[in-house]
Amino acid sequence: MKVLIVGAGVIGTVYGAHVAAAGHQVSVLSHGPRTGEVAAGGMCARDVLGGERIDVETDIVPDAAGDYDVVLVAVRRDQLASACARLAVLAGKPAVVFFGNNPAGRAAIPGDLPGDAYLGFPGVGGVMADGTADYVRIRQQPTALPQSADSRLAALESALAGRGFAIQRVADMDGWLAYHAAFVACVAAALYRCGTDPVRLAADRPVLTLMCQAITGAFAGLRSQGTAGLPRNLAVLHSPLLKAVAVRYWARTMRSPMGELCFAGHSRHAEAEMRALGGDMAARITSSPALAQLLRPLAA
């Protein structure tokens with residue numbers, strides 16, 4: 001399988017390194033200083049909790065004109081349009097899989113994109129440290145791929161499963177991404193109230209409580225609009241009856257390495273993206289006072 005990685009940040013590096021380690025040919029689309037690091041030192045990923053480190057050499061390609069089986073696009077929401085523009089020269093009809101925050105779903109993907117576009121989401125979080133992607137696998141959130149009979153997605157799933165990744169096939173990725181964006185926007189807003197310090201957030205019960213109320217309110221707002229696809233783990237944790245449980249859960253999570261690697265690091269690094277997500281959710285869901293209160297600082 002020939003795979004092109006678009007976006008060599010944490011997500012692109014982790015998944016690209018593992019696909020390459022599974023024996024597939026992986027190339028990285030050139031973009032900015034990060035791909036210079038990859039050209040010089042390869043793709044390096046370290047599982048912070050498991051201890052495994054992967055170092056693989058990959059080709060850097062100047063454009064996307066090659067013939068690929070799978071193109072994995074792992075860029076921030078604000079980089080999506082420019083990334084899609086660079087894929088206009090793709091040869092053949094690859095499976096183009098988008099991994100990232102995208103509350104608009106397929107509506108954000110150009111209809112004339114070469115190949116078959118699919119929405120997905122990573123099951124890891126992390127930070128870049130001296131050219132290495134330090135990451136953790138999110139047990140509660142397996143890597144999400146759409147339900148499809150496409151053999152290329154099956155090959156990608158097989159490669160990742162062989163490297164120890166849990167995979168979930170999702171029937172409604174558009175809805176899944178909308179709910180997940182609401183969740184991420186609320187967590188980021190709570191972190192910004194605490195200086196993006198997850199330990200400080202863990203100790204601030206009023207902000208944690210507001211965050212959980214806002215998530216529950218956002219989910220209710222999306223359901224009232226007929227949006228399907230709410231991830232089961234989030235639906236259970238943020239049901240109205242489990243508010244106290246959710247607050248304790250997030251206090252514990254924010255004190256753990258997951259707080260920094262899955263939430264705070266990205267909120268700190270991608271503030272423009274998080275503020276845009278907050279704006280999207282505030283405009284889309286107007287029925288939740290808790291959500292409006294929590295997201296207000298993101299609009300400042």
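Here is a short back-and-forth on why certain labels apply to parts of this predicted model.

Me: Before we start, what are the ground rules on numbering and confidence?
Reply: Residues count from 1 along each chain as its sequence is written, and side-chain values use heavy atoms, with hydrogens and water left out. As this is a predicted model, local features need pLDDT of at least 70 and side-chain atom pairs count only at pLDDT 80 or more, while totals for chains, interfaces and linings use all residues.

Me: What makes Ala214 buried or exposed?
Reply: Buried means under 20% relative accessible area, exposed over 50%, and partly exposed in between (1.4 Å probe, protein chains only). Ala214 has a relative accessible area of 0%, so buried it is. Ala214 is found in helix H7; helices (H or I, at least four residues) and strands (E, at least two) are DSSP runs, numbered from the N terminus.

Me: Which residues does Ala214 touch?
Reply: Contact means heavy atoms within 4.5 Å. Not counting residues up to four places away in sequence, Ala214 touches Cys186, Ser288, Ala290, Leu291 and Leu294.

Me: Pro206 is in helix H7 too, so is Pro206 buried or exposed, and why?
Reply: Its relative accessibility is 60%, so Pro206 counts as exposed.

Me: And why is Asp59 called partly exposed?
Reply: Because its relative accessible area is 46%, Asp59 gets the in-between label. Asp59 is found in strand E5 and, leaving aside its neighbours within four places in sequence, is in contact with Val26, Ser27 and Val28. Ala39 is 20 residues from Asp59 in sequence, with 7.2 Å between the C-alpha atoms.

Me: Why is helix H1 described as largely enclosed?
Reply: Of its 12 residues, 11 are buried, so the rest of the structure largely encloses H1. The buried set is Val10, Ile11, Gly12, Thr13, Val14, Tyr15, Gly16, Ala17, His18, Val19 and Ala20.

Me: How do you know what span to expect for H1?
Reply: The expected span of a helix is 1.5 Å times one less than its number of residues. H1 has 12 residues and reaches 16 Å from its first C-alpha to its last, close to the 16 Å expected. After H1 comes Gly23, with a positive phi near 100 degrees.

Me: What about helix H2: how do you know that its buried residues line one face?
Reply: The buried residues of H2 (residues 32-41) are Arg34, Thr35 and Val38. Seen down the axis of H2, they fall within an arc of 95 degrees, so they line one face of the helix. The arc is that of the directions from the helix axis to the C-beta atoms. On the other side of H2, Pro33, Ala39 and Ala40 are exposed. Among the elements covering the buried residues of H2 are helix H1 (10-21) and strand E9 (124-129).

Me: What puts the buried residues of helix H11 on the same side?
Reply: The buried residues of H11 are Glu273, Met274, Leu277, Gly278 and Met281. They cover an arc of only 140 degrees around the axis, which puts them on the same side of H11. Ala272 and Ala283, on the other side of H11, are exposed. What covers the buried residues of H11 includes H5, helix H10 (257-269) and helix H12 (289-295).

Me: What makes something a cavity here?
Reply: On a 1 Å grid over the protein atoms alone, a cavity is a set of points where a 1.4 Å probe fits but cannot get out, and lining residues have an atom within 4 Å of a point. Grid points are joined across faces, edges and corners, and a volume is the space filled by probe spheres set on the points. The structure holds one cavity of 30 Å³ or more, and about 80 Å³ of space lies in the largest cavity. Its lining includes Val73, Arg76, Phe98 and Leu177.

Me: What makes Asp130 stand out, and is Asp130 buried or exposed?
Reply: Asp130 has a positive phi of about 55 degrees although it is not a glycine. Asp130 is found in the loop between E9 and strand E10 (132-137). At 83% relative accessibility, Asp130 counts as exposed.

Notes: On a 1 Å grid over the protein atoms alone, a cavity is a set of points where a 1.4 Å probe fits but cannot get out, and a pocket is an open set with protein on both sides within 12 Å along at least five of seven lines; lining residues have an atom within 4 Å of a point.
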